[in-house]
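Work through the exercises below with the structure at hand. Each task is followed by its solution.

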Amino acid sequence: MQRVNISTVSEFILIGLSDALEVRFLLFLLFLIIYLATMVGNITVLVAIVADTHLHNPMYFFLGNLSLLDILCPTITVPKMLEVLLFENKVISFTGCMLQLFFLIDVVGTEIFLLAVMAYDRYVAICHPLQYMNIVSMKLCARLAIGTWVVGFFNSLLHTSLIFTLFFCDSNEVDQYYCDIPPVLALSCLPTYSRELVILTVAGVLGSSAFVVTLISYMYILLAILCMNSAESRHKTFSTCSSHLTVVCLFYGTTICTYVRPSSTYSANHDRIVSMLYGILTPLLNPIIYSLRNKEVKCALGRAISQVRTT
């Protein structure tokens, strides 16, 4: 029987995006600009929704939660990535790696469920406009939002406990710029089949449930749009929903490609690109697609700016 050299890992080494100094500096500037733009965009939207009473309704309540998630998601991974690029400090402690993975899976899972809730909200608003305020009350909104955060938390707790109770071999190099499920699983000395099966089953059931709700909601929305008499109303509603659907498809597609597959198919270069799409690019696009193109949000920002000038 072959012996396996099992050792206690106290820290991990994150493999950066590049070892060339010039490339690292250019990447540092690029991701710093993207990160700051993401923070400014989402914080602006969040402040506008909280401060302006005209936006205190279910749709913008969910958008506020989305902006908060889009602030947290890149903040979990990008600062460490910038540190690696600028100072080449690739070391992250075992606890730091575990917390990074836990919070990332928590935020990503919560956003998947929140997108499903937002799709349902748009379905009721477009297909049942007269009953909208009775069906989607602020009390229901609070319960749905809390539910998405709670499910995301316990989903992440399960994934993290399954991964970080493994034994790791001598190699502690995580082939990614942050701690993620596939590259950390690849460092295990022992077979991970049973744990991968649990992870895939839970992620598949929860993810597919949220996706089905989102898909059915948008199918009914599309049918309602086709039944509208006014071409202008059809164009306006379809323009809004197509923007929402673009982000949903991008987010679902990239997260499914990353997590809903066995670790044997893991490819470091492929996963780096995919993870940047949902971890860095999507949080940047969300405030533009969901909110900053929205007339009511623009008006709220205009009122806030006028109020500040007057003060």
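**Exercise 1.** In this predicted model, work out what span helix H5 (residues 138-164) should have at 1.5 Å a residue, and compare it with the distance between its end C-alpha atoms.

Solution. Step one: H5 holds 27 residues. Step two: the expected span is 1.5 Å times one less than the number of residues, so H5 should span 39 Å. Step three: the end C-alpha atoms are 39 Å apart, which agrees with the expected value.

**Exercise 2.** List buried residues of H5 and name the elements that they pack against.

Solution. Step one: buried means under 20% relative accessible area. Step two: the buried residues of H5 include Cys-141, Ala-145, Thr-148, Gly-152, Asn-155 and His-159. Step three: an α-helix has 3.6 residues a turn, so residues three or four places apart point the same way. Step four: the packing partners of the buried H5 residues are strand E1 (11-14), H2, helix H3 (94-127), helix H6 (181-185) and helix H7 (193-226).

**Exercise 3.** Locate Glu-88, describe its phi and classify its exposure.

Solution. Step one: Glu-88 lies in the loop between helix H2 (58-87) and strand E2 (91-93). Step two: its phi is near 55°, a positive value in a residue other than glycine. Step three: Glu-88 counts as partly exposed because its relative accessibility is 40%.

**Exercise 4.** Identify the nonpolar surface patch that contains Tyr-220 and classify the exposure of Tyr-220.

Solution. Step one: the patch consists of Val-212, Ile-216, Tyr-220, Leu-222, Leu-223, Leu-226 and Phe-238, with about 680 Å² of accessible area together. Step two: H7 supplies the largest share, six residues. Step three: Tyr-220 is in helix H7, and its 46% relative accessibility makes it partly exposed.

Note on methods. Residues are numbered from 1 along each chain as its sequence is written. This is a predicted model: local features need pLDDT of at least 70, side-chain atom pairs count only at pLDDT 80 or more; totals for chains, interfaces and linings use all residues. Side-chain values use heavy atoms; hydrogens and water are left out. Helices (H or I, at least four residues) and strands (E, at least two) are DSSP runs, numbered from the N terminus. Buried means under 20% relative accessible area, exposed over 50%, partly exposed in between (1.4 Å probe, protein chains only). Contact means heavy atoms within 4.5 Å. Patches are made of residues with over 30% relative accessible area and no salt bridge: like charges are joined within 9 Å, nonpolar side chains (Val, Leu, Ile, Met, Phe, Trp, Tyr) within 5 Å. Accessible areas come from the Shrake-Rupley method with a 1.4 Å probe; for residues, only the protein chains shown count as cover. A salt bridge is a side-chain nitrogen of Lys or Arg within 4 Å of a carboxyl oxygen of Asp or Glu.
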